[in-house]
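Please open the model in your viewer and keep the sequence beside it, ready to select residues by number.

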Amino acid sequence: MELLQLRYFCTAARMLNISHAAIFHSIPQPAMSKTISKLEDELGVKLFTRQKNHIYLTSEGKAFYKNVVKALSLIDEASSGIRSDAACNKDNNIRFNLMISALQAPMSDFLASFHNNHPDISFETSKYPLHTDTEAYYDLCICVDRPSPEYDMSIPIITRNESLYLAVPNNNPFSALSQIRIKDVKGLPFVALVPSSILDAFESLCKKNGFDPNIVITCDDFQGLQRYILSGAGVTVTTSYSWMDMADRNLSFIKMDAEITQTIYAYWSGKKAVPSEWNLLFEKLLEFCKTELK
């Protein structure tokens with residue numbers, strides 16, 4: 001039984017998908033399947049049941065996973081104190097560059113919690129992609145669409161249906177409503193974040209209802225967006241997983257009679273050198289998404 005086998009097993013157990021686990025470890029899918037099968041042969045038990053394109057932990061697999069996670073955590077802690085890495089800065093701290101254009105509020109909670117547990121790891125975050133002439137700048141991107149071609153690795157981290165909400169100032173007549181129909185926003189002036197997959201989906205829904213939204217101002221940060229709304233320049237649409245829980249208290253959100261389906265992805269470059277702590281960050285991120293984002 002090898003350490004790498006156990007890491008592969010844990011990744012597959014978290015993702016419940018052999019193909020995604022193989023992508024994460026940058027190995028062919030057959031190699032991942034063979035590794036898992038070999039581990040099952042060594043243990044003499046089945047760790048997973050397989051149904052079509054999905055895998056599920058057996059009772060033996062769940063018990064084994066619980067103990068392996070503890071063991072790997074101890075190994076990682078033991079090695080972190082003596083590991084020297086080129087990605088460390090002069091204070092021997094590790095800094096990751098992240099692009100987060102989706103799930104901003106929950107990702108802020110996740111990163112704060114992660115840093116509290118791993119104070120030697122810090123972050124620089126941005127909402128929009130930064131391109132360089134040499135390689136991918138970001139160590140990890142959380143977004144709907146691929147930021148640029150150099151981010152050649154990806155896995156979906158969450159797919160879900162979300163209701164659209166109309167954001168208006170508290171003194172707007174619509175603020176007293178509990179729900180509003182999408183056709184009732186025809187002609188309203190809109191301000192919008194760009195780029196935004198939410199805006200793209202909203203425009204598509206408006207077209208299906210026979211009109212184009214009246215977008216009067218676009219901007220690239222939600223603080224500016226809120227100021228435009230509060231000043232009465234226009235209203236906007238958003239979802240609960242975007243920035244609602246970070247919104248100004250003088251804004252109201254009215255549920256619309258429309259939903260959008262979105263898949264949020266984690267993108268990264270398979271050619272970019274990263275410290276081994278990147279695996280810990282990624283694994284904790286997947287665990288957070290699986291347990292907290294339902």
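The tour below goes from one helix to the nonpolar cores and then to a group of aromatic rings.

This is a predicted model, in which local features need pLDDT of at least 70 and side-chain atom pairs count only at pLDDT 80 or more, while totals for chains, interfaces and linings use all residues. Residues are numbered from 1 along each chain as its sequence is written, and side-chain values use heavy atoms, with hydrogens and water left out.

Select helix 3, residues 29-43, where helices are DSSP runs of H or I with at least four residues, numbered from the N terminus. Its buried residues are Met32, Thr35, Ile36, Leu39 and Glu40, buried meaning under 20% relative accessible area and exposed over 50%, with a 1.4 Å probe and protein chains only. These buried residues cover an arc of only 135° around the axis, which puts them on the same side of helix 3; the arc is that of the directions from the helix axis to the C-beta atoms. The face turned away from that buried side carries the exposed residues Pro30, Lys34 and Asp41. Just after the helix, Gly44 takes a positive phi of about 80°.

Next, select Leu140, which is in contact (heavy atoms within 4.5 Å) with residues including Asn97, Tyr267, Trp278 and Phe282, neighbours within four places in sequence being left aside.

Finally, select Phe110 and Phe114, which both lie in helix 5, residues 104-117, four residues apart. Phe110 and Phe114 are both buried.

Key
Helix = DSSP H or I, 4+ residues; strand = E, 2+ residues; numbered from the N terminus. Expected span 1.5 Å × (residues − 1).
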